[in-house]
Amino acid sequence: MRTTTLIVEDDEGLRSSMEKSLRRRGHQIIGVSTLSEADRLIHGRKIDLVLLDIRLPDGSGLDFLVKVRDLDEEILVIVITAFPEVKTAVRAMKEGARDFIVKPFELEELHLSVERALEARKLRHDVRRLEREHRTRDRITEILGESPAIERVREEARLVAEADTPVLVVGETGTGKELVADSIHRLSSRSAGPLIKLNCSAFSEQILESELFGHEKGVFTDAEQARAGLFEMADGGSLLLDEVSEMKPGLQSELLRVVEGQPFRRVGGRREIQTNVRVIATTNRDLRACIRSGSFRQDLYYRLNAFQITVPPLRARGPDVVLLGRFFLQRSAAALRKQPLTLTPQAEEALLAYDWPGNVRELRNVMERAAILSKAEAVSPEQLPGDFQMSAFVRRHAAKGSGAMPSLVEMERRYMEYIVDQVNGNLSEACRVLGVARNTLKARLRSPENLPQRG
């Protein structure tokens with residue numbers, strides 16, 4: 001990422017020397033000799049670093065320093081002066097200057113000061129990014145599974161990673177769309193840059209706009225300082241817009257402009273900011289239906305949908321259910337400092353029979369629960385919620401296909417008897433598994449409609 005540096009210095013020879021030296025090191029340089037020119041530039045474009053002389057023809061550099069810091073605390077300022085007074089240096093640092101250089105100086109001293117300032121800012125941005133990712137990331141670190149459906153997803157992620165186009169990842173809630181986005185970023189040429197994540201459904205329209213594009217100081221009640229948005233934080237990397245379908249149409253038009261490579265302005269700002277960011281969007285909704293209802297812009301859909309990856313639901317992944325179940329179970333056991341746990345064949349059958357409306361996220365939670373409840377080396381159906389056992393039971397009896405299908409009442413009785421048998425006649429444990437009261441269980445097992453009819 002190229003740094004834009006503004007040099008405010010009225011000594012033309014020194015300014016020219018600084019410009020040439022910093023350009024050779026990859027900086028984009030703007031040089032001016034007055035504060036009025038500097039003020040116009042600082043409000044008109046994105047500046048990363050200001051090298052500021054204190055005594056200038058039209059005013060004090062220290063006063064301008066205050067103005068810069070009020071405008072945007074992300075702008076780094078290094079003060080330069082030929083008058084090394086202690087009070088001046090103290091005030092400069094107090095007002096937010098990153099460093100204080102005394103004339104005459106060697107250009108190498110300037111380079112060192114600039115590099116230290118930029119490195120400190122990068123470190124600050126990295127800390128913010130890691131904190132944000134820690135709050136939002138799923139704990140799985142890779143896309144697991146052996147089914148053809150998930151293998152196709154992995155292959156598509158690998159192929160699109162280097163294309164650097166926007167990607168739309170679609171799928172039901174809990175299928176692992178965020179993991180796909182992680183993989184695309186990790187496999188791309190942007191992997192050294194940040195991956196910033198934003199859940200579009202978690203904010204109001206005003207706050208979401210500020211999160212994306214940043215804001216200037218005082219533009220709304222809580223804006224005590226100017227703040228960079230996520231597009232600026234993601235510069236050189238990728239931005240994940242989770243559940244993009246929840247974004248309001250007015251904000252979608254602004255997003256479209258930026259995705260198409262146009263500059264943007266912070267909320268309440270006048271400076272145009274240009275960033276280099278790859279956008280990866282996810283949704284659990286049918287965006288074509290959203291277009292028909294008027295809640296999503298068609299042009300934005302086509303821009304984000306340059307390449308679409310559909311993540312299959314867990315119920316369509318066959319034996320991956322057991323593979324993932326074992327993985328989550330082992331991880332949960334380790335977290336609980338328990339011995340390694342396995343699944344009994346009956347527990348695996350129950351996992352395979354269940355429909356998994358909550359997908360991988362639900363499976364993870366179920367395995368965490370099973371690890372907590374387990375008192376043996378193997379997790380049995382008794383450590384699974386009751387509806388899992390019921391699913392396996394119904395599937396097993398339906399598969400027999402012998403004679404007429406039993407009534408719901410008869411199936412319920414058989415299931416209750418099955419659970420009582422599984423827990424060796426312990427009615428209290430059977431009630432816990434079934435989620436019913438002891439009197440209810442007894443009544444259902446001996447109710448007249450459940451007894452054989454006498455001729």
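This passage walks through two sheets, the helices that pack on them, and a patch on the surface. The model is a predicted one, and residue numbers count from 1 along the chain as its sequence is written.

A good place to start is the sheet with the strand order β2-β1-β3-β6-β7, an open arrangement of five strands with parallel pairing. Its edges are β2 (28–32) and β7 (99–102), each of which has a pairing partner on one side only. From one strand to the next, the twist averages 20°. Going along the sheet, β1 and β2 run parallel and are joined by five bridges, with Leu 6 having Ile 30 as its bridge partner in β2. Two helices sit against this sheet. Helix α1 (residues 12–24) touches β1, β2, β3 and β6, and its direction makes about 175° with that of β2. Helix α2 (residues 35–44) packs there too, touching β1, β2 and β3, at about 160° to the direction of β1.

Strand β3 deserves a closer look. Strand β1 (residues 4–8) pairs with β3 in the parallel sense over four bridges, and here Leu 6 turns up again, standing opposite Val 50. Strand β6 (residues 76–81) also pairs with β3 in the parallel sense, this time over five bridges; Asp 53 has Ile 80 as its bridge partner in β6. How much of β3 is buried? Five of the five residues in this strand (residues 49–53) are, so β3 is largely enclosed by the rest of the structure. The cover is on both faces: Leu 49, Leu 51 and Asp 53 are buried on one side, and Val 50 and Leu 52 on the other.

The other sheet is also open, with five strands paired in parallel in the order β9-β10-β11-β8-β12. Here β9 (195–199) and β12 (308–310) are the edge strands, each pairing on one side only. Neighbouring strands are turned by 20° against each other on average, direction ignored. Within this sheet, strand β8 (residues 167–170) runs parallel to strand β11 (residues 278–283), and four bridges join them. One pairing links Val 170 to its bridge partner Thr 283 in β11. Helix α6 (residues 148–161) packs on the sheet, in touch with β8, β11 and β12, and its direction makes about 160° with that of β12.

Finally, there is the surface. Leu 336, Ile 372 and Leu 373 make up a nonpolar patch there, with about 260 Å² of accessible area together. Leu 373 belongs to helix α15 (residues 359–373). Its relative accessibility is 33%, so Leu 373 counts as partly exposed.

Technical notes
This is a predicted model: local features need pLDDT of at least 70, side-chain atom pairs count only at pLDDT 80 or more; totals for chains, interfaces and linings use all residues. Side-chain values use heavy atoms; hydrogens and water are left out. Buried means under 20% relative accessible area, exposed over 50%, partly exposed in between (1.4 Å probe, protein chains only). Two strands pair if DSSP finds at least two bridges between them. Axes are lines fitted to C-alpha atoms, for helices over the stretch in contact, and angles run from 0 to 180 degrees between N-to-C directions. Contact means heavy atoms within 4.5 Å. Patches are made of residues with over 30% relative accessible area and no salt bridge: like charges are joined within 9 Å, nonpolar side chains (Val, Leu, Ile, Met, Phe, Trp, Tyr) within 5 Å. Accessible areas come from the Shrake-Rupley method with a 1.4 Å probe; for residues, only the protein chains shown count as cover. A salt bridge is a side-chain nitrogen of Lys or Arg within 4 Å of a carboxyl oxygen of Asp or Glu.
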